[in-house]
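Dear colleague,

I am passing on the structure we spoke about, with the sequence alongside. Please look through it first; my notes on what was found follow below.

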Amino acid sequence: MNRIKGLLFAQGIRDVEPRLRRTRIDFNELRTAEGHPIPPRLLAELEREYAQLVVVQDQLRLVEKERDTADAQSPAVEQKRLDLCRLQGIGGAASAILAREIFARSFSSRRHLASYLGLTPSAYTASL
């Protein structure tokens with residue numbers, strides 16, 4: 001997305017936001033700051049970059065769907081993941097990792113949890 005925006009910005013086109021669009025960008029309709037159409041070589045490069053962006057977005061959707069399906073197999077993990085998703089600032093990936101890796105374990109104290117997360121030294125950590 002940054003590459004597409006940068007190429008367009010260099011031509012004086014600033015109002016295109018590839019991530020927020022639901023439909024395919026028609027680069028043929030865009031005009032440079034001087035009112036000229038986009039040059040053919042740049043147009044071809046933009047089309048290649050946009051095609052690559054679409055492939056990456058499709059792959060991300062598949063990975064996210066697979067992650068959510070894997071969590072749904074365990075009702076306890078799925079409920080914790082959904083609860084974490086409701087918190088502001090925690091997204092789907094972070095909530096899935098927290099639910100599977102941390103909240104699936106039981107800790108006897110806050111110190112043990114902090115040690116597991118690497119926030120405090122554990123019992124066998126060598127002091128420097």
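Which residues does Arg3 touch, not counting residues up to four places away in sequence? Before I answer, please keep in mind that this is a predicted model, and that every value below was computed from it.

With residues up to four places away in sequence left out, Arg3 touches Glu45 and Glu49. Arg3 belongs to helix α1, and at a relative accessibility of 43% it counts as partly exposed, since that class covers what lies between the buried limit of under 20% and the exposed limit of over 50%. For the pair Arg3 and Glu49, the sequence separation is 46 residues, while the C-alpha atoms are 7.6 Å apart in space.

Another residue of helix α1 is Phe9, which at 47% relative accessibility also counts as partly exposed. Phe9 and Gln57 are 48 residues apart in sequence, and from C-alpha to C-alpha the distance between Phe9 and Gln57 is 22 Å.

Turning to the interior, the largest nonpolar core has 14 residues, of which Ile4, Leu8, Phe27, Leu30, Ile38 and Leu46 touch the most other members. Two or more residues of this core are given by each of the elements α1 (2–10) and α2 (40–72), and the largest share, five residues, comes from α2. As general background, nonpolar side chains tend to be buried together in soluble globular proteins. Leu8 illustrates the pattern of contacts, for when its neighbours within four places in sequence are set aside, Leu8 is in contact with Ile13, Val16, Phe27, Leu30, Ile38 and Leu46.

Phe27 also appears in the surroundings of Glu47, a residue of helix α2: not counting residues up to four places away in sequence, Glu47 touches Arg24 and Phe27. Glu47 is partly exposed, with a relative accessible area of 26%. The C-alpha atoms of Glu47 and Arg14 are separated by 17 Å, and these two residues stand 33 residues apart along the chain.

The other part I would ask you to examine is the packing of two further helices. Helix α3 (residues 75–85) and helix α4 (residues 92–102) pack at an angle of about 140°, and their axes are 8 Å apart. Angles over 145 degrees would count as roughly antiparallel, and α3 and α4 are therefore oblique to each other. The crossing in which α3 passes α4 is right-handed. On the α3 side, Val77, Lys80, Arg81, Leu84 and Cys85 take part, and they meet Gly92, Ser95, Ala96, Leu98, Ala99 and Arg100 in α4. By character, the residues of this contact of α3 with α4 divide into six nonpolar, two polar and three charged.

Finally, Ser74 is placed in the loop between α2 and α3, and with a relative accessibility of 29% Ser74 counts as partly exposed. Although Ser74 and Arg100 are 26 residues apart in sequence, their C-alpha atoms are 9.7 Å apart in space, and Arg100 is one of the α4 residues in the helix contact described above.

With best regards

Methods:
Residues are numbered from 1 along each chain as its sequence is written. This is a predicted model: local features need pLDDT of at least 70, side-chain atom pairs count only at pLDDT 80 or more; totals for chains, interfaces and linings use all residues. Side-chain values use heavy atoms; hydrogens and water are left out. A nonpolar core is a set of buried Ala, Val, Leu, Ile, Met, Phe, Trp, Tyr and Cys residues joined through side-chain atoms within 4.5 Å. Buried means under 20% relative accessible area, exposed over 50%, partly exposed in between (1.4 Å probe, protein chains only). Helices (H or I, at least four residues) and strands (E, at least two) are DSSP runs, numbered from the N terminus. Contact means heavy atoms within 4.5 Å. Axes are lines fitted to C-alpha atoms, for helices over the stretch in contact, and angles run from 0 to 180 degrees between N-to-C directions. Angles under 35 degrees count as roughly parallel, over 145 as roughly antiparallel, 65 to 115 as roughly perpendicular and the rest as oblique. A crossing is left-handed if the near helix is turned anticlockwise from the far one by less than a right angle, and right-handed if clockwise. Ala, Val, Leu, Ile, Met, Phe, Trp, Tyr, Cys and Pro count as nonpolar, Asp, Glu, Lys and Arg as charged, and the others, Gly among them, as polar.
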